[in-house]
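Colleague: Could we take one strand of this model and look closely at its surroundings, its pairing and what lies beside it? Please go through it step by step.

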Amino acid sequence: MATREEVGDRKQSVAVVGGGLVGSLQASLLAKRGFRVDLYESRADIRRMEHVSGKSINLALSVRGREALKTIRLEKTVLDKAIPMHSRMIHSLSGKMSVQPYGNKDQCIYSVDRRKLNEQLLTEAEAYPNVTLHFNHKLVRANLDEKTLEFSTNDETSTVDTDFLFGCDGAYSTVRRQMMRWGRLNYEQEYIEHGYKELTMPPNTNGDFALPPNHLHIWPRHEFMMIALPNTDQSFTVTLFMPFSTFEAIETEEDLLAFFVKHFPDSLDKLGVENLVNEFFHNPTGRLISVKCYPHFLAGSSVLLGDAAHAVVPFYGQGMNAGFEDCLIFYESLLSVGDDIIKAAEKYSRTHWRDCHAIAELSKYNYLEMRSHVNSRLFLLFKYIDKLLHYLLPNVYIPLYTMVAFTRIPYHQVVLRSARQRKIVKITLQTGGVVLLVALGCVLFERSGAYLSLRYRILPCVVGCVLKDFHKRLVD
Ligand code: FAD
Ligand code: EGO
């Protein structure tokens, strides 16, 4: 448990709406700076619930999220209950499994249980004397001029005053909607064609993991993508991503089994036919939304964080990580302006929105790339080329996934860098091709005994032009 020597005695009271992953982290970080924090969550206290409904069971935690957890001294506690995945394991249609490490030995992502993580974050927040958690409080309206919040609590409504408001209420944010009514908030959302279904791969008959546990398992099949992340109870949570139309086309048990035999034959036994049929037809098909908005700070009193500010499609496994990084960057802003919350919000929102937009775009781009031309062989090939280039040019070329998951390079710089890297590779390949042609020309001249002037005057000219062109294209 964290020591709380930093807790000061500031009068300012702030409201955090949403007690999900981001809201509960934000409450602790604000409490650490001495603010009086009231956190409002529409659901009941998940720590006292038997069953929690909702999206994804486990999540991949990477460096950005870990850095934020470190700040409230919760990283170790969380990692203790998480399973490291130090490589990807690619499953081909024939059942072949190929392993590719993420990098050096400490470069791994972690499979964490969403519910456990949320519970740990709530317990951590609650342990601050200056935090009050309010469950069963659903925000229905916010008056941003009067700075009042209206909640529906079970059957009643209640209204509270607040100095400052953090909207951490997820992709369908009510705070964001209120901000849009108040002022000029631009908003853009997009549902993608793919939905997702979560399935459980139970432990095998020996009670062990049905697949090696320390990997992120990926079945890349163009339009159909499947992944599996390990759980501490020796099971895996498998997520199948595919177009809604394909989900709808699978109506009977026979359809389902035929589909799995055709596309994921190696996983059928491990999922178990009865279990698969049961879960596939009982678990809901999730929808995936991508949200961008601007600005994230409005009315001098409201800031959006996490999915409320930028819901992203899960094809980089970055939604929570990006949301946690929002909180960390806000915290760093607070530190740099002496805990003046309005100045911190101004500073935070001046630049950070670009990174939020960038991760939304990167995630959508990866969705397009993976479904349009990635099967298991191409996936392995891309990753192999990435690895080779990184080996040859360790400081110049960093694979995109590495920058996203294993560094804190701001996402918008990741986009710029990756574009530059791609360009270098492309131009090098093109120039390499031209150089080969010229060399071939040389050999032919040699053989045909062409005029010396060709070899000594024209050739250097051609080589010079090629190199000049290479340089020119590289600089602009
Ligand atoms: P949420 O988790 O949605 O929490 C919002 C909270 O606000 C909820 O508790 C809700 O009850 C509450 N709330 C909503 N409205 C109100 C209201 N009006 N009043 C009061 N409370 C309210 N991210 C990763 O980093 N790695 C992954 O591997 C990963 N995998 C994913 C897989 C899938 C299939 C999906 C869908 C997402 C995945 N994500 C992943 C993204 C991650 O789930 C989200 O980015 C993360 O949950 C965002 O946290 P949040 O607190 O902003 O929002
Ligand atoms: C060619 C090959 C182009 C989430 C590979 C791009 C994402 C992308 C959904 C994986 C790992 C955590 C994830 C890699 C790429 C989680 C992830 C990756 C998926 C799907 C996921 C990787 C939950 C992009 N990380 N990743 O390199 O291992 O590569 F496959 Cl569908």
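Modeller: Two strands are taken to pair if DSSP finds at least two bridges between them. In this predicted model, strand β14 (residues 215–221) is joined to β15 by 5 bridges, and the two run antiparallel. Within that pairing, P220 has M225 of β15 as its bridge partner, and the hairpin of β14 and β15 leaves 2 residues between the strands, with H222 taking a positive phi near 55°. On the other pairing, 6 bridges join β15 to strand β16 (residues 236–243), again in an antiparallel arrangement, and here the bridge partner of L229 is T237 in β16. The hairpin of β15 and β16 has 5 residues between the strands, and Q234 in its turn has a positive phi of about 75°.

As for the surroundings, 6 of the 7 residues of β15 (residues 224–230) are buried, so the strand is largely enclosed by the rest of the structure. β15 also takes part in the shell around ligand 2, to which β14, β15, α11 (341–373) and α12 (376–392) each supply at least two residues. The residues of that shell divide into 14 nonpolar, 2 polar and 3 charged, and of the 19 residues around ligand 2, R88, Y102, E369, K383 and Y401 come nearest. An oxygen atom of ligand 2 is 2.6 Å from an N or O atom in the side chain of R88, while a nitrogen atom of ligand 2 lies 2.7 Å from an N or O atom in the side chain of Y401. Of the 640 Å² of accessible area that ligand 2 has on its own, the protein covers 96%.

How values were computed. Residues numbered from 1 in each chain as written. Chains lettered and ligands numbered in written order. Predicted model: local features only at pLDDT ≥ 70, side-chain atom pairs only at ≥ 80, totals over all residues. Heavy atoms only, no water. Buried < 20%, exposed > 50% of the residue type's maximum accessible area, 1.4 Å probe, protein only. Helix = DSSP H or I, 4+ residues; strand = E, 2+ residues; numbered from the N terminus. Near = heavy atom within 4 Å. Polar contact = N/O pair within 3.5 Å; in protein donor to acceptor, adjacent residues only side chain to side chain. Areas by Shrake-Rupley, 256 points an atom, 1.4 Å probe, with all protein chains shown as cover. Nonpolar A, V, L, I, M, F, W, Y, C, P; charged D, E, K, R; others polar.
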